[in-house]
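Biologist: Could you take me closely through one part of this model, the sheet with the strands and helices described around it, and then set it beside the other chain?

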Amino acid sequence: MSAALDGADWVVGRGVEGPWRTLTALRAAAAAGELRAALAWLRRKRPAGLGGWELERSMAELLAAPAAVRDPLLLFPAFDCWLSLTAGFVAGARPPEEAAVHFSYFQSFAAAAALLTRRRRSLRVRLSAEGRFHATGTREYAELPRAAAGAEAECRTAGGRLEVRWGRAAGHRRLLPALTPELWVERRDPLVLQPVTMHGLARWGASAEARFCAVLAKALARLRAVDRPLFDELSDFLRLIVPLDNPKSYGSVSSSYRNLRGALCLSHSDDGLLQEETLIHEFCHLKVNLLFAADPLLKPGQGGQLLYSPLRSDARRLGGLLLGAHAFINVNRYILRVLRREAFTARARASVQTNVARRLFHVDDMLRTVSLYADLTPVGERFQARMWREHALTLHDALDIPAALMEEGRRRWREHRAKHALGETGVFVGGAS
Amino acid sequence: MNALEWSGLSAAAPRWRRLAEGLGDGLEAVFDDAGRAGLGLTGGDARRWRLWSAALAAEGLAAPRAPAVRAWVFLDGGRAREAWSLGSGGELLRLSPGAKPERGRVSDRRVGGTREPALDALLADFAGLHPLSALSLCLDRLEARLTEPAPWPLFARCDAAKPFAAQGAAWARRLGARAVSGFALGRGRMEIFVQ
């Protein structure tokens, strides 16, 4: 795969044809392989407590579903996470007594597959700790009485409809809020939320959720208008937004997880441009991680945590600087285009330009350090060379920024550098954390 | 400027400064991750080894009679605390004040052949960046020599240099762009050889 990869075409948005499709297909094939391994393990080991669940049938049906149904499910963020935990059971690294609960949750994906193929199916399922059942991979979930928390229930699908029953109680059908037809907001499904540990989850009522969705929907609409190829990639890859709490009222809190690919965690802001910036930033990290699956960009063995980052006050690694430079090249590029296209008040424009000015020097610094210290693979070399080219183009786009604001950006960068970097080197002055 | 001058030893080690002045070329600096510095001698004629042995003897370290292929000494406060000597037949000698010399025979290893998977992986990754000309094991000490010495900044970025990362800036100041020609791992310590 590395031989066919360019790397340069991964730096800014290029749309979803060519290498994007190839890597997506590889991911789906890898996920299918892992599911087959899980099925084989289940047939061999038959963990206690799963008799009567027909899990083997559920897995076989998902694998046999048409590609248009199967592949999006295999690539769904929660499935990514479920598979990453399953690998532990298959390898014998997780306690077998946990297998019953873990594998029983596969029925959420089975319900989704049955719904999407309009198949008639009756499934034994396990409800979440809040008494819900999620057809994970679709917008649908059912709410049952709180007393049903963690209990077994029955799920029926027919003709694309979902019914969940716990004894006599019927579940109320609900839908995840949709920002676009394929990008939804999720804050309840445990299969999605379990790896989200870096930040707290938002605990909202309906009106707060509606406000979050409205700002993001508008942000995505502008992203589509300003950078269609990047929007197409983002829409193809991202399936879920998980709302985060922002207790210290930072401008924005965001995160993404390697075992939850296709999900992005984000706090609310009424500032649409800030949300766009955060979406692009986090998506760029996910995009490079997608590329890492095919090529490491950096030759292995260069994890020394001793480098200066203009974004941080602690030592960083080469990989982190590569990701940071890439994300901000795309953010700067986007924001400069928005500034060109749209009207802002003088004050708002100056504020945005001030941020961009500082980020331009940050990108320059990070790219320089990567160039000085990194040994890259051939794909990585092309990736880096294109990053320099795109950064140079943003410098040209930034000629509109008043000289005084550029100087202020330079001054703040130099001040930070003087405090945290060793002379003009890329070494952090304080040592590894 | 010879290794002794830039290694920072000269002020604390007048005996070794005089030795270095007498030896001239062929010296490299040696450091361990605890900050101990020392001198290394590579190759040379009988006269150089006599001077070296005499310096060790003055510190109470019994040097071998035959000239060594390589030798190095760690100094603490100007005094020799530990010395090593590699003979032409592959015998390694470890010398400590007041203790009998430890002897061992060096055995060559290949990358991937240490029988410790994590160490094999570390060395394989390192060799992908900086090819190794030799890897050997003796007296619980694994020594690697680089085919081409690596400038310190490029050595420091490697996973293998992790023991030095906690004082990354200090080592960067001390070594600048000087080149690392080899390193050794053993007994919970890492040593580097710097030209």
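Modeller: What follows goes from the sheet of one chain to its helices and then to the other chain. This is a predicted model, in which local features need pLDDT of at least 70 and side-chain atom pairs count only at pLDDT 80 or more, whereas totals for chains, interfaces and linings use all residues. Residues are numbered from 1 along each chain as its sequence is written, and chains are lettered from A and ligands numbered from 1 in the order in which they are written.

Helices (H or I, at least four residues) and strands (E, at least two) are DSSP runs, numbered from the N terminus, and two strands pair if DSSP finds at least two bridges between them. In chain B, an open sheet of 11 strands has the order 6-5-4-3-2-1-11-10-9-8-7, with antiparallel pairing. Strand 6 (102-105) and strand 7 (107-108) of chain B stand at its edges, each with a single partner strand, so one side of each is left without a neighbour in the sheet. For strand 7 of chain B, the antiparallel pairing with strand 8 (residues 132-138) of chain B rests on two bridges, and D108(B) stands opposite S136(B) in strand 8 of chain B.

Elsewhere in the sheet, strand 1 (residues 27-32) of chain B runs antiparallel to strand 2 of chain B, joined to it by five bridges, with A29(B) opposite L39(B) in strand 2 of chain B. These two strands of chain B form a hairpin with four residues between them, and G35(B) in the turn has a positive phi of about 95 degrees. Strand 2 of chain B also pairs in the antiparallel sense with strand 3 (residues 70-76) of chain B, here over six bridges, and A37(B) stands opposite L75(B) in strand 3 of chain B. Strand 2 (residues 37-42) of chain B is mostly covered, since five of its six residues are buried (20 or more other C-beta atoms, placed from the backbone, within 10 Å of a residue's own; exposed means 12 or fewer, and partly exposed lies in between).

Turning to the helices of chain B, helix 2 (residues 14-23) and helix 3 (residues 46-58) of chain B pack at an angle of about 175 degrees, with their axes 10 Å apart; axes are lines fitted to C-alpha atoms, for helices over the stretch in contact, and angles run from 0 to 180 degrees between N-to-C directions. Helix 2 and helix 3 of chain B are therefore roughly antiparallel to each other (over 145 degrees; under 35 counts as roughly parallel, 65 to 115 as roughly perpendicular and the rest as oblique). Among the residues that meet there are W16(B) and L19(B) in helix 2 of chain B and L51(B) and A55(B) in helix 3 of chain B, where contact requires C-beta atoms, placed from the backbone, within 7 Å.

As for the other chain, chain A has 14 helices and 12 strands, and buried residues make up 43% of its 433 residues. The C-alpha trace of chain A spans about 70 × 45 × 40 Å along its principal axes. In helix 10 of chain A, the buried residues include L279(A), I280(A) and F283(A), and what covers the buried residues of this helix includes helix 8 (206-226) and helix 11 (318-341) of chain A. By contrast, R21(A), which lies in helix 1 (residues 19-45) of chain A, is exposed, because 12 other C-beta atoms lie within 10 Å.

How values were computed. Two residues are in contact if their C-beta atoms, placed from the backbone, lie within 7 Å.
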